[in-house]
Amino acid sequence: MQSGLPYPGLPLPLALAPVFSNPFKKDTTPDPGPAGGPRWRALLEARWRTRLQEVTELALAYHDAAATAVGRGTGSGHETRLRLRMLLRQTVASRRALADTEEALARLSAGNYGWCESCAGAISAQRLVITPETRYCARCAQEPRAEAPA
């Protein structure tokens, strides 16, 4: 029987220890466990501020472009519509990224950060460094999921 733990014969806390830290390796990767919470929070809050600024700038650019197009009477031009559509897509993508960061901060506050939402296994620190907002371990992220109804 496979337990999914790195060392199935060890008691649970010892079996999970290698997932988060290696005592022989100097690693600056924040630990997703309780001790690493402040470092992960600082990282996520910095990403949140950057994403909020990006959303704000894109939204302002969209509204400025739309107002300029209407003011000039060029609102029906093909190039104007393409530019507005591009700005809108970028704004929506940035808002989604901001929401993902906010959800990661909420998971951190709830004590669920660093744990897979699908299998409840630990998400590797390396995966969290690459994408701190991730909700799934590498194995579960590859599994197809049913899309939520619109």
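**Exercise 1.** In this predicted model, find the salt bridge that Arg 135 forms with Glu 117 and place both residues.

*Solution.*
Step 1. Locate the closest N and O atoms of Arg 135 and Glu 117: they are 3.3 Å apart. The cut-off is 4 Å, so the pair qualifies.
Step 2. Place the partners. Arg 135 sits in the loop between helix 4 and helix 5, and Glu 117 in the loop between helix 3 and helix 4. They are 18 residues apart, and the pair links distant parts of the chain.
Step 3. Check accessibility. Arg 135 is partly exposed at 30%. Glu 117 is also partly exposed, at 43%.

**Exercise 2.** Which salt bridge does Glu 117 form with an Arg of helix 3, and is that Arg buried or exposed?

*Solution.*
Step 1. The partner is Arg 107, with closest N and O atoms 3.8 Å apart.
Step 2. Glu 117 lies in the loop between helix 3 and helix 4, while Arg 107 belongs to helix 3, so the bridge ties together parts ten residues apart in sequence.
Step 3. Arg 107 has 10% relative accessibility, so it counts as buried.

**Exercise 3.** Describe the salt bridge between Glu 133 and Arg 51, then extend it to a network.

*Solution.*
Step 1. The side chains meet at 3.1 Å, N to O.
Step 2. Glu 133 is in the loop between helix 4 and helix 5 (138-141); Arg 51 is in helix 2. The two are 82 residues apart.
Step 3. Both Glu 133 and Arg 51 are buried.
Step 4. Add Arg 47: a network of salt bridges links Arg 47, Arg 51 and Glu 133.
Step 5. Set this against the total: the structure holds five salt bridges.

**Exercise 4.** Trace the contact between Ser 109 and Arg 41.

*Solution.*
Step 1. Ser 109 is in helix 3. At 56% relative accessibility, Ser 109 is exposed.
Step 2. Its side chain makes a polar contact of 2.8 Å with the side chain of Arg 41.
Step 3. The C-alpha atoms of Ser 109 and Arg 41 are 8.8 Å apart, across 68 residues of chain.
Step 4. Look at the helix itself. Helix 3 has 33 residues and reaches 48 Å, close to the 48 Å expected. Just after helix 3, Gly 111 takes a positive phi of about 85°.

**Exercise 5.** Classify the aromatic pair of Trp 40 and Tyr 113.

*Solution.*
Step 1. The structure holds one aromatic pair. Its ring centres, in Trp 40 and Tyr 113, are 5.5 Å apart.
Step 2. The planes meet at 55°, so the pair is tilted: edge-to-face needs over 60.
Step 3. Trp 40 is in helix 2 (residues 37-72), and Tyr 113 is in the loop between helix 3 and helix 4, 73 residues apart.
Step 4. Trp 40 is buried at 0%. Tyr 113 is buried at 2%.

Key
Residues are numbered from 1 along each chain as its sequence is written. This is a predicted model: local features need pLDDT of at least 70, side-chain atom pairs count only at pLDDT 80 or more; totals for chains, interfaces and linings use all residues. Side-chain values use heavy atoms; hydrogens and water are left out. Rings of Phe, Tyr and Trp (its six-membered ring) pair if their centres lie within 6.5 Å; planes under 30 degrees apart count as stacked, over 60 as edge-to-face and the rest as tilted. Helices (H or I, at least four residues) and strands (E, at least two) are DSSP runs, numbered from the N terminus. Buried means under 20% relative accessible area, exposed over 50%, partly exposed in between (1.4 Å probe, protein chains only). A polar contact is a pair of N or O atoms within 3.5 Å; within protein, one must be able to donate a hydrogen and the other to accept it, and residues adjacent in sequence count only if both atoms are side-chain atoms. The expected span of a helix is 1.5 Å times one less than its number of residues.
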